[in-house]
Amino acid sequence: MTGFIYLGALLFSLAGMVILDWRLKLFVRVAPLRAGLVLLAGLVFFLAWDLSGIALGIFYRGQTQIMSGVLLAPELPLEEGVFLLFLCYLTMNLFLLFSRKLRAGSFLPEEQAVRRGGTQRKTHGEKAGSR
């Protein structure tokens, strides 16, 4: 049973990315088709990178007790594919989250930020706290 600890941790982390995405309307929730294509492109790119590294003898699979032992290809464990999916999803969520922060001044979606008073910018003559 300990052979699936790493895979479980990756899936738990991936679930956190999905919750963050859904709650803050970042990536898949906003444009599911585009998001799916971007995730697929990233996954294909990084899997090709890994397979190239394996073919050149640069990458190899290290055996541990916490990995499942399931291989997608020689020297390419199942956990690597899930990790790469998580990495691509994390990157897009972070990119969109910080783009929103820089653009609107809040991590929250616009309608939630307005409800909380987060996106109204102060003018030079306005004092903090005055409305």
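These questions and answers walk through a predicted model.

Reader: In what order do the elements of the chain run from the N terminus on?
Author: The chain has four helices and two strands. Helices α1 and α2 cover residues 5–24 and 32–55. From the N terminus on, the order is α-α-β-β-α-α.

Reader: What share of the residues in the chain is buried?
Author: Buried means under 20% relative accessible area. The chain holds 131 residues. Buried residues make up 28%.

Reader: What share of the contacts with a separation of 6 or more comes from residues 24 or more positions apart?
Author: One pair shows such a separation: Leu10 and Phe83 are 73 residues apart in sequence. Leu10 touches Phe83. Across the chain, residues 24 or more positions apart supply 56% of those contacts.

Reader: Is Leu10 buried or exposed?
Author: Leu10 sits in helix α1. Its relative accessible area is 6%. The cut-off for burial is under 20%, so Leu10 is buried.

Reader: Which residues does Leu10 touch, leaving aside those up to four places away in sequence?
Author: In space, Leu10 and Phe83 lie 6.4 Å apart, C-alpha to C-alpha. Helix α3 spans 78–104. The residues that Leu10 touches are Glu79, Val82 and Phe83.

Reader: How far apart are the end C-alpha atoms of α2, and what span should its residues give?
Author: Helix α2 has 24 residues. At 1.5 Å a residue, they should span 34 Å. The expected span agrees with the distance between the end C-alpha atoms, which is 34 Å.

Reader: Which elements do the buried residues of α2 pack against?
Author: Buried residues in α2 include Ala35, Leu39, Gly42 and Leu43. Asp50, Gly53 and Ile54 are also among them. They pack against β2 (76–77) and α3 (78–104).

Reader: Which residue just after α2 takes a positive phi?
Author: Helix α2 covers 32–55. Just after it, one residue has a phi of about 80 degrees. That residue is Gly57.

Reader: Is Ile58 buried or exposed?
Author: Ile58 lies in the loop between α2 and β1 (71–73). Its relative accessible area is 55%. Exposed means over 50%, so Ile58 is exposed.

Reader: How much accessible area do the residues of the nonpolar patch have together?
Author: Ile58 belongs to this surface patch. The other members are Phe45, Trp49, Leu56 and Phe59. Together their accessible area is about 570 Å².

Reader: What share of the area that the chain exposes do carbon and sulfur atoms supply?
Author: The chain exposes about 9,000 Å². Carbon and sulfur atoms supply 69% of it.

Reader: What phi does Lys25 have?
Author: Lys25 is in the loop between α1 and α2. At 26% relative accessibility, it counts as partly exposed. Lys25 is not a glycine, yet its phi is positive, about 50 degrees.

Reader: What phi does Glu75 have?
Author: Glu75 is in the loop between β1 and β2. It counts as partly exposed, at 34% relative accessibility. Glu75 is not a glycine either, and its positive phi is about 70 degrees.

Reader: Which backbone nitrogen does the side chain of Ser106 reach?
Author: Ser106 is in the loop between α3 and α4 (110–116). It is buried, with a relative accessible area of 9%. At 3.0 Å, its side chain reaches the backbone nitrogen of Leu108.

Definitions and conventions: Residues are numbered from 1 along each chain as its sequence is written. Side-chain values use heavy atoms; hydrogens and water are left out. Patches are made of residues with over 30% relative accessible area and no salt bridge: like charges are joined within 9 Å, nonpolar side chains (Val, Leu, Ile, Met, Phe, Trp, Tyr) within 5 Å. Accessible areas come from the Shrake-Rupley method with a 1.4 Å probe; for residues, only the protein chains shown count as cover. A salt bridge is a side-chain nitrogen of Lys or Arg within 4 Å of a carboxyl oxygen of Asp or Glu. Buried means under 20% relative accessible area, exposed over 50%, partly exposed in between (1.4 Å probe, protein chains only). Contact means heavy atoms within 4.5 Å. The expected span of a helix is 1.5 Å times one less than its number of residues. A polar contact is a pair of N or O atoms within 3.5 Å; within protein, one must be able to donate a hydrogen and the other to accept it, and residues adjacent in sequence count only if both atoms are side-chain atoms.
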